[in-house]
Each structure stands twice: as structure tokens, then as C-alpha cells.
Amino acid sequence: MNEHIVWDIDPVLFSVGGFAVRYYSLCWLAAFASCYMVMKSIFRREGLSVDNLDSLLVYVFLGTFIGARLGHCLFYETEFYLSHPLRIVLPFHERADGSWGFGFMGLASHGAAVGIVVSLLLYARRYRFPIGDLLDKLGVVAPLGGAFIRLGNFFNSEIVGAPSDGPWAMIFSSVDPLPRHPAQLYEALGYFAAFAVVYAAYRMRRGRVADGYFFGLSIFLIFGLRFVVEFVKEVQEPFEVSLRESLGLDMGQLLSIPFIIAGVVIMVLRRKKRAAVR
């Protein structure tokens, strides 16, 4: 009989009065801090001004959070939030024991992706930055941010995997006593690898492909990985059970397909840099 790792860490690192510092929040901060530092190094290496990077961070943060929140509310719990619209924006949630907690429960990565693109369009228009080049730079760091977010999910013991008898399976004691795939770690490690691939490709091939190519590569890797890992995840919402029974896919996979296709199309269309017209 395999002895599985029991994951029973308290998601709260420490509390001061009524204020709790959670690992998940720290992972979100790590996501934006690491992306900011990599982006800053790219700007400096390419001789670009870093003066507007703080503004870019604000745009991307708001785009990520608003998009992720709306994505969850509209795609995963549509009926509930349409009948309780204030719960979309109010930072309170009801716990399983009937008590109330502070913070938003429910963020969707697909919505975050859309929100980020919208925020970049607004930023590019405001600061007159070439949108294709900006998308490429964000495409480089996006998998890095996603990796830290999934680590936050791991500390929260959420988005758990399906039961498994593999030696690498883990028991999430706050969920149930069953050994499960540590799906959050699969995704986190996959996103770290995707970051390495996109970053290396950007360093080696920038200037030989048209703007937007690396953005296409990034979303293809991110959502391709998400599509695959979903096969070893538990469904997030009850209605997804019927989706799996009828289609063999869950909502996360259905929402990933358009991003995967878009990534391939963008890479095909932007694989060659056009010669300058003189």
C-alpha cells in the first residue's frame, strides 16, 4: 500500500486581529512581482523606457481581476450571479458552515485572459505602444504568472485532481481522505516550463517573426496544457458532470479550445516577418 503525502497546511499564513494573510494572496503578489521584473528586464534590454511600466501593471492587474471574476460568474455560476448581481462585486462570500468571509470566491483563468487582452488594448491606445509588440511581451510572462496562481490554488487545497492510486497522489485533508492527482502542481510546473519555452523563443527568434507570434505561442501552450490537465481534475461545478457525460469534456476544456485555435492561427499568420516597404 502506498503512503501518500497528506496536504493539510493551513491556507492562512498568519492573522493580525481580524486580518488574515493567506498563501493564496502572496502567490498573487508573487505572480505580478515576477512578471513585472521580467518585463522590466525585457524593456531595458531592448532600450525601451520603463517609465510607463507601473501604469501597465495597474492596467494588467485590473484586467486580470475583473476578467477572471466576470469569467467565473458568467460561465460557471451564471444563474446564481444573474439573480444576485451585487455578489459579483461585493468582496464577501458565504462559507460552507453558514458564516461569512471576506474576499472573492471564484476566478476563472479564461476570463482573466480576455481581461488582460482588453487592458492591453486600452494601454496601447493610451500610451501609443504597438499592440502586437506589447502582446508578445505579455505573452512571455503570462505563463509565469499562471504558475504562481496555481501554486496559490494548491495552498488553498482547491481545484483538486481526480482520485488516483499513483505514488505521487496526495491527500487533501480539507477535501476528503482520498488520494488525488495534485493537478494544481501539474499545471504550475507546466506553466513554469511554458514560460521557459516562450522566453527562450522570444530571445532567439524576435526580429525573425512578426509581432504577435509569441503571444500566439503563449496562449497555445497555456490553454493546451490546461486542456490536458483537465482530464485529471475534478469538475468545478455540478453542471459539468453532465458535460463530461455527454461530451467527454468539462467547461474549462470547452473554453480552452477557442484559445488553442487562436494561438495556432496567430502563429501561422505571424510566422514570417514582412519585409519593410521602401
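Here is a short conversation about a predicted model and the terms used to describe it.

Colleague: Glad to look at this with you! How confident is the prediction in the protein?

Modeller: The pLDDT averages 85, and 85% of the residues score at least 70. Confidence is lowest in strand β5 (residues 100–102), with a mean of 50, and highest in helix α7 (residues 183–205), at 97.

Colleague: And what does the secondary structure come to?

Modeller: The protein has 10 helices and 7 strands.

Colleague: Why are α9 and α10 called roughly perpendicular to each other?

Modeller: Helix α9 (residues 239–247) and helix α10 (residues 251–269) pack at an angle of about 65°. Angles of 65 to 115 degrees count as roughly perpendicular, so the term applies to α9 and α10. Their axes lie 9 Å apart.

Colleague: Which residues make that contact?

Modeller: From α9 come Phe239, Glu240, Leu243 and Leu247, and from α10 come Met251, Gly252 and Leu254. These divide into 5 nonpolar, 1 polar and 1 charged.

Colleague: Nice. Now, why is Cys27 called buried?

Modeller: Buried means under 20% relative accessible area. Cys27 has 9%, so Cys27 is buried. The cut-off also settles Cys35: with a relative accessible area of 15%, Cys35 is therefore buried.

Colleague: How many disulfides does a search of the whole structure find?

Modeller: The search gives 0 disulfides; a pair would need its cysteine sulfur atoms within 2.5 Å.

Colleague: Last one: what share of the protein's residues counts as buried?

Modeller: Of its 278 residues, 44% do. As for contacts with a separation of 6 or more, 66% are between residues 24 or more positions apart.

Terms used
Residues numbered from 1 in each chain as written. Predicted model: local features only at pLDDT ≥ 70, side-chain atom pairs only at ≥ 80, totals over all residues. Heavy atoms only, no water. Axes fitted to C-alpha atoms, helices over the stretch in contact; angles between N-to-C directions. Helix = DSSP H or I, 4+ residues; strand = E, 2+ residues; numbered from the N terminus. Parallel < 35°, antiparallel > 145°, perpendicular 65-115°, else oblique. Contact = heavy atoms within 4.5 Å. Nonpolar A, V, L, I, M, F, W, Y, C, P; charged D, E, K, R; others polar. pLDDT = per-residue confidence, 0-100. Buried < 20%, exposed > 50% of the residue type's maximum accessible area, 1.4 Å probe, protein only.
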